[in-house]
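User: I am new to this structure and would be grateful for a close look at a single part. Please choose one helix, describe its surroundings, and then place it within the wider protein.

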Amino acid sequence: MTNKIQTDDTIAAVATPVGTGAISIIRVSGPNAINSVENIFSGRSKLSKSKTHTIHYGKIIDKKNIIDDVLVFIFRAPNSYTGEDSIEISTHGSSFISQRILKLLIENDVRPAEPGEFTKRAFLNGRIDLAQAEAVTDVINSRTEVSLKGARNQLDGLLSQKVNSLREMLINSSSLVELELDFAEEDLEFIQFDELKKRIENILNEIDLLINSYNFGKVIRDGINVALVGLPNVGKSSLLNYILKEARAIVSKIPGTTRDVIREEVSIDGILFRLFDTAGIRISENEIEKEGVLRSREVVKNSDLILFINDVEQEYPKDLYSELKNLNKEENIVSVINKIDLKSKTQQKSDVKVSALTGEGITELFDLMKSKVFGNSKYSEQNAMVTNERHYNCLLKTKESLNNALTSVSNKMSGEFISVDLRNALNNLGEIIGEVTSDDILNNIFTKFCIGK
Ligand SMILES: Nc1nc2c(ncn2[C@@H]2O[C@H](COP(=O)(O)OP(=O)(O)OP(=O)(O)O)[C@@H](O)[C@H]2O)c(=O)[nH]1
Ligand SMILES: [Mg+2]
């Protein structure tokens, strides 16, 4: 358990990105935060005498030299982000100014913060749990409506509440088993095997719901990779351009136009789709085109969704479809017929028909892409959802322990065995919210944060 670690030094960092902007913000947190800033601040207020949640105008001074006019925000413990005394200094947006002030602070008994250290302190001081701390980076990294909602859902504690209620259910069941162990000699049965089985199955059902939500949750967080593939000249690049509403890729009537993979992101109804336009797949003698075709296959392997595009006027390439199935999975392939504006009759099978020239059918294509993402997951903003691989893995381990417990119960094994499995499940669940944790886990999580967060 790391929750006992004391954070008795004071840290500081520039929290805004490097470069020029309207303002920069320097964050300071720890017992010496207010005094260290007071040492370099000149204004009407005395910071050490000022109340929490107040803003003070003044100047940062280095040996009588004015560095900048600033606003200083005071947050006193425990009512701050970290739970400690904290200060935010808002300066003119020059990296030079903020770095200079940071240097001054470091001369005043403050040390530079490590990545994520403010959030780590918030966690260690019990302001937020580990799942919420992880959600902070997701909020920062979110680029679409839906990914932001997913991250907010976790930051607001929906997942944590669910995990806590499952832990409570587990604690109740396991304490009954343990109580029974204590009285074993008196042959008391506080909890019947059937009842215990029912309880564990109940918890398992809930765990399964969370595990299944990850299918969708990871898409929400990371987006979905979509390959645009097919024979040369079917209109892959034209479709990419139509979706992006810009002439991103070169389009020509010469087959074999696209060679490199072109990657672009687009948000469709708040879901992030990463589109990969590829070289048309065919046998080619041209070295560059050959390499392009190799890359197309690589993209197919690594995609979540494949738009298999065909020309309404060409014959359907059955062999290519079989190849795509082998490279990925049949259920991930969406067959698209393009160029329907040409009004040609076709026997080709397809999931959707479009024209990259007129935009006909594109709405249907988007609906299909979205339904592939949602699958049969019942996404609801009110429900806890798993978007993070670490949490997902903890849940898989929890499930395994619970299944072991269930086997022990079914085999009417001694309560000791059941009790060990239930404890393991409890610990695995606790890892999600940081109730049980190690320095390794924490370092792994917080080093991925930005400095100043
Ligand atoms: N009429 C019509 N022509 C289209 C449509 N989509 C693409 N084309 C034409 O088809 C030709 C090939 O289009 P591209 O988008 O370059 O096709 P591609 O699949 O990217 O081709 P490669 O990169 O060579 O594999 C161009 O002349 C386009 O103008 C469409 O929906 N309708
Ligand atoms: Mg192309």
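Analyst: Helix α1, residues 33-40, is largely enclosed by the rest of the structure, because 6 of its 8 residues are buried. This is a predicted model. The buried positions in α1 are A33, I34, S36, V37, E38 and I40. A residue counts as buried when 20 or more other C-beta atoms lie within 10 Å of its own. The cover over these buried residues includes the strands β2 (23-29), β3 (41-43), β4 (54-62), β5 (65-75) and β6 (86-92), together with the helix α2 (95-106).

As for the wider protein, the domain assignment gives domain 1 as 11-128, domain 2 as 141-219 + 388-434, and domain 3 as 223-374. The centres of domain 1 and domain 2, taken over C-alpha atoms, are separated by 42 Å.

A buried position of another kind is A249, which lies in the loop between α8 (236-244) and β9 (262-268). A249 is buried because 20 other C-beta atoms lie within 10 Å. Leaving aside residues up to four places away in sequence, A249 touches S237, L240, N241, T258, I262 and D277. From A249 to R263 there are 14 residues in sequence and 9.8 Å in space, C-alpha to C-alpha.

Ligand 1 is surrounded by 23 residues, of which G235, S237, S238, T258 and G280 are the closest. Helix α8 supplies the largest share of this shell, 3 residues. By class, the shell around ligand 1 comprises 8 nonpolar, 11 polar and 4 charged residues.

Definitions and conventions: Residues are numbered from 1 along each chain as its sequence is written. Chains are lettered from A and ligands numbered from 1 in the order in which they are written. This is a predicted model: local features need pLDDT of at least 70, side-chain atom pairs count only at pLDDT 80 or more; totals for chains, interfaces and linings use all residues. Domain bounds come from an automatic or database domain assignment. Helices (H or I, at least four residues) and strands (E, at least two) are DSSP runs, numbered from the N terminus. A residue is buried if 20 or more other C-beta atoms lie within 10 Å of its own, exposed if 12 or fewer, and partly exposed in between; C-beta atoms are placed from the backbone. Two residues are in contact if their C-beta atoms, placed from the backbone, lie within 7 Å. A residue is near a molecule or strand if its C-beta atom, placed from the backbone, lies within 6 Å of it. Ala, Val, Leu, Ile, Met, Phe, Trp, Tyr, Cys and Pro count as nonpolar, Asp, Glu, Lys and Arg as charged, and the others, Gly among them, as polar.
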